[in-house]
Protein chains: 2
Amino acid sequence: MTETTTKTYTISELAKEFNVTTRAIRFYEDKGILSPSRDGQKRIYGPRDRILLKLTLRGKRIGFTLAESQKLFDMYQHGEDNKDQLNTMLATLDEKDALLAQQKLDIEEMEAELQAARERCLTAIKKIDNT
Amino acid sequence: MTETTTKTYTISELAKEFNVTTRAIRFYEDKGILSPSRDGQKRIYGPRDRILLKLTLRGKRIGFTLAESQKLFDMYQHGEDNKDQLNTMLATLDEKDALLAQQKLDIEEMEAELQAARERCLTAIKKIDNT
DNA sequence: CTCAAGCTTGACGTTAACGTAAAGGTAAAC
DNA sequence: GTTTACCTTTACGTTAACGTCAAGCTTGAG
């Protein structure tokens, strides 16, 4: 009764789902981020790969490099028994948190400026229309 | 009584203030973002250059390319009379706003994950300490 | 059988954003 | 007058993150 088959994905399925190229996905494997199993030649991706891909792409959107993401994943997985490594990871996490905080400020300020620019645009357009 | 002298900066002053290299600042000039005046050979930066530099760096922190920042600045300055250009700019602003909204979500989720990772770290360290 | 669709592994090309010398002008300090 | 500290231009080097062929396996449809 208990299903033991885990969901799998082909490379192009993942590519479509996350809107990236297959080339990019293979590239992430090269960088040690993904490690799909194989069916003969073909790559088979499991749920774990899917999550890692998702996290990687999210990281990218907020400015993490692939190397940074990979490092985090790596520490997260193989650091359970090494205190030094755990502390290194805590430091890394703090560092990232600080960056995110700064980014939030930057985003707020940028949004205000975009809004100001938008209003200036609209005013200028009105002026033109009244000519 | 009314002072008309505007504050000016040397390249290294700006570099120090914003913690970037002089090379980077000259690079931004190459890209058309800054346009300092000269005192003989030497570059003289005014308040306007300073602001543009600040905005550029802020943009960078949230993932804007230099070309994108430059394009925004350019539209902001020379678009007052061209309706098409104003509308293009409005579209660009909307696009950027959408990206910023996505980034906010990404940051929230990433912070949650970093927090979870941090707690896992701390737990693991405790376990080690109790060994 | 063959043919198109999708997979594979190289391997060279590209863009962005500077880094890094190299080689020299200038100006205040000693 | 010669170091020292900045400034300049020119130009080749570098890293990240893929893009873009090339050349070939394989597999289900017709």
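**Contacts with DNA strand C and the pairing of chains A and B**

Biologist: What makes the approach of B:Leu66 to DNA strand C a polar contact?

Modeller: A polar backbone atom of B:Leu66 lies 3.0 Å from a phosphate oxygen of DNA strand C. A polar contact is a pair of N or O atoms within 3.5 Å, so this pair qualifies. The model is predicted: local features need pLDDT of at least 70 and side-chain atom pairs pLDDT 80 or more, whereas totals for chains, interfaces and linings use all residues. Residues are numbered from 1 along each chain as its sequence is written, chains are lettered from A in the order in which they are written, and side-chain values use heavy atoms, without hydrogens and water.

Biologist: Which side chains have polar atoms at a phosphate oxygen of DNA strand C?

Modeller: Among them are A:Arg26, with an N or O atom at 2.8 Å, and B:Thr21, with a polar atom at 2.7 Å.

Biologist: How many residues surround DNA strand C?

Modeller: There are 17, and the closest include A:Ser12, A:Arg43 and B:Tyr28; a residue is near if one of its heavy atoms lies within 4 Å. Sugar and phosphate make up 66% of the strand's atoms that come within 4 Å of the protein.

Biologist: Why is the relation between chain A and chain B called a two-fold axis?

Modeller: A turn of 180° with a shift of 0.0 Å along the axis lays chain A on chain B with an RMSD of 0.1 Å. That is the relation of a two-fold axis. The superposition is by least squares on C-alpha atoms of residues with pLDDT of at least 70 in both copies.

Methods. Polar contact = N/O pair within 3.5 Å; in protein donor to acceptor, adjacent residues only side chain to side chain.
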